[in-house]
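Colleague: I would like a close look at one part of this model, the pairing of its strands and what packs around them. Please go through it piece by piece.

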Amino acid sequence: MTDALKRLSDEGVAIWLDDLSRKRITSGNLAELIDQSHVVGVTTNPAIFQKAISGGEGYEQQLTDLATRKVTVEEALRMITTADVRDAADILRPVYDRTDGQDGRVSIEVDPRLAHNTPATIAEAKQLAWLVDRPNTLIKIPATKAGLPAITEVIGKGISVNVTLIFSLERYREVMDAYVSGLEKAKAAGLDLSLIHSVASFFVSRVDSEIDKRLDAVGTDEAKALKGKAALANARLAYEAYEEVFASERWAALERVGANKQRALWASTGVKDPAYKDTLYVDDLVAPNTVNTMPEATLEATADHGQITGDTVRGTYEQARAELDAVAKLGISYDDVVQLLEDEGVEKFEASWNDLLKSTEAELERLAPTEA
């Protein structure tokens with residue numbers, strides 16, 4: 001069952017699970033995926049927690065205790081989510097130790113309502129790192145304009161970061177620059193750079209969803225022939241940018257004192273269009289020193305029938321550029337698409353967080369002890 005997953009790992013792609021719940025932790029399922037399916041990390045986001053807590057098992061006792069203490073709903077939510085992340089981090093700790101801190105990581109996101117507020121994002125990242133209190137945590141910061149200086153500041157304090165919601169090549173280069181700038185600050189402060197890690201979460205399937213919709217609107221045979229190509233082209237050109245940045249002399253100066261490259265992480269790799277093979281964004285994005293964070297369905301599909309044939313990224317850059325150019329020639333604006341996706345990404349996470357606040361508040365009220 002896991003031969004394809006092993007081949008993927010052997011090609012230098014770290015397999016992370018894009019999901020977490022208390023049931024997954026307490027049932028032993030997460031440990032089983034680590035042991036049997038080559039899973040070496042976990043990512044979370046507000047939508048994942050909304051699904052886990054609203055419909056999941058295992059939270060009632062903690063919710064009862066929090067209700068008895070009369071904590072605010074925001075505090076309750078942070079206590080619940082950080083507890084799950086802390087427990088998952090403990091399960092993954094052997095992987096972290098074995099890989100010298102590169103994998104064995106669990107990500108937790110800053111409050112998505114702070115996505116356009118730099119000082120609040122920095123403060124929240126510091127608080128989350130303190131609350132979870134595990135060396136194998138990554139604090140997720142969105143790659144908004146306001147997020148970029150926050151990334152630099154948080155990395156500069158020695159806190160490892162997962163930069164999320166990256167859609168555009170230009171923004172990705174800005175993210176890598178923010179990371180390198182943060183390491184330079186950390187170095188100036190005398191911190192051990194070898195202990196600081198980061199991934200840059202480059203979103204994949206949503207790019208195809210939006211561009212395919214616009215290609216359908218164009219409606220020509222030429223347009224239809226380009227469907228399902230933009231997301232892979234975009235991600236492959238992101239890897240080209242990664243290779244350029246981390247081959248620079250600026251980077252070499254940091255690497256000489258122990259700095260770790262910021263790995264590209266392929267996010268949103270569950271296929272949205274049933275017309276495409278369900279392992280498309282795994283099979284066709286194999287490259288060294290990357291991460292693919294998969295929903296469980298994609299993980300199982302890859303284990304069952306993934307076609308891992310070696311590096312499917314390097315050597316594709318000219319074709320990728322040609323495909324994006326062909327999309328642009330049909331009047332579809334790349335800049336418009338990626339900005340829309342970033343805005344929608346923030347809005348969706350914010351909506352999930354607000355839904356979670358409401359459902360958690362209702363549970364706290366239901367479980368609150370009656371006054372004598």
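How many bridges join β7 to β8, and in which sense do the two strands run?

Modeller: Three bridges join β7 to β8, and the two strands run parallel. Some ground rules come before the details. The model is predicted, so local features need pLDDT of at least 70 and side-chain atom pairs count only at pLDDT 80 or more, while totals for chains, interfaces and linings use all residues. Residues are numbered from 1 along each chain as its sequence is written, and side-chain values use heavy atoms, with hydrogens and water left out. Helices (H or I, at least four residues) and strands (E, at least two) are DSSP runs numbered from the N terminus, and two strands pair if DSSP finds at least two bridges between them.

β7 covers residues 263-267, and five of its five residues are buried. Buried here means under 20% relative accessible area, exposed means over 50%, and partly exposed lies in between, with a 1.4 Å probe and protein chains only. R263, L265 and A267 point one way from β7, and A264 and W266 point the other way. Opposite L265 in β8 stands V291. β7 also pairs with β6 (residues 198-203), in the parallel sense and over five bridges. There, S201 stands opposite L265.

Beyond β7, the strand β8 (residues 290-294) is joined to β1 by five bridges, again in parallel. W16 of β1 has T293 as its bridge partner in β8. Three bridges then join β1 to β2 (residues 39-42), which also run parallel, and in β2 the bridge partner of W16 is G41. β1 (residues 13-17) has five of its five residues buried. V13, I15 and L17 are on one side of β1, with A14 and W16 on the other.

S201 and L265 also lead to N162, a residue of strand β5 (residues 161-166). The side chains of N162 and S201 are joined by a polar contact of 2.7 Å. A polar contact is a pair of N or O atoms within 3.5 Å; within protein, one must be able to donate a hydrogen and the other to accept it, and residues adjacent in sequence count only if both atoms are side-chain atoms. N162 counts as buried because its relative accessibility is 0%. Leaving aside residues up to four places away in sequence, N162 touches nine listed neighbours by contact (heavy atoms within 4.5 Å), among them T43, S107, S201 and L265.

A264 of β7 leads to Y172, which touches A264 as well as I166, A200, F202, A238, A241 and Y242, not counting residues up to four places away in sequence. Y172 and F202 form an edge-to-face aromatic pair, 5.7 Å centre to centre with 65 degrees between the planes. Rings of Phe, Tyr and Trp (its six-membered ring) pair if their centres lie within 6.5 Å; planes under 30 degrees apart count as stacked, over 60 as edge-to-face and the rest as tilted. Y172 lies in helix α9 (residues 169-188) and F202 in β6, so the pair ties together parts that are 30 residues apart in sequence. Y172 is buried at 1% relative accessibility, and F202 is buried with a relative accessible area of 1%.

Y172 and L183 have the most contacts inside the largest nonpolar core, which has 124 residues. Helix α12 (residues 230-245) gives the most to this core, with eleven residues. Such a core is a set of buried Ala, Val, Leu, Ile, Met, Phe, Trp, Tyr and Cys residues joined through side-chain atoms within 4.5 Å.
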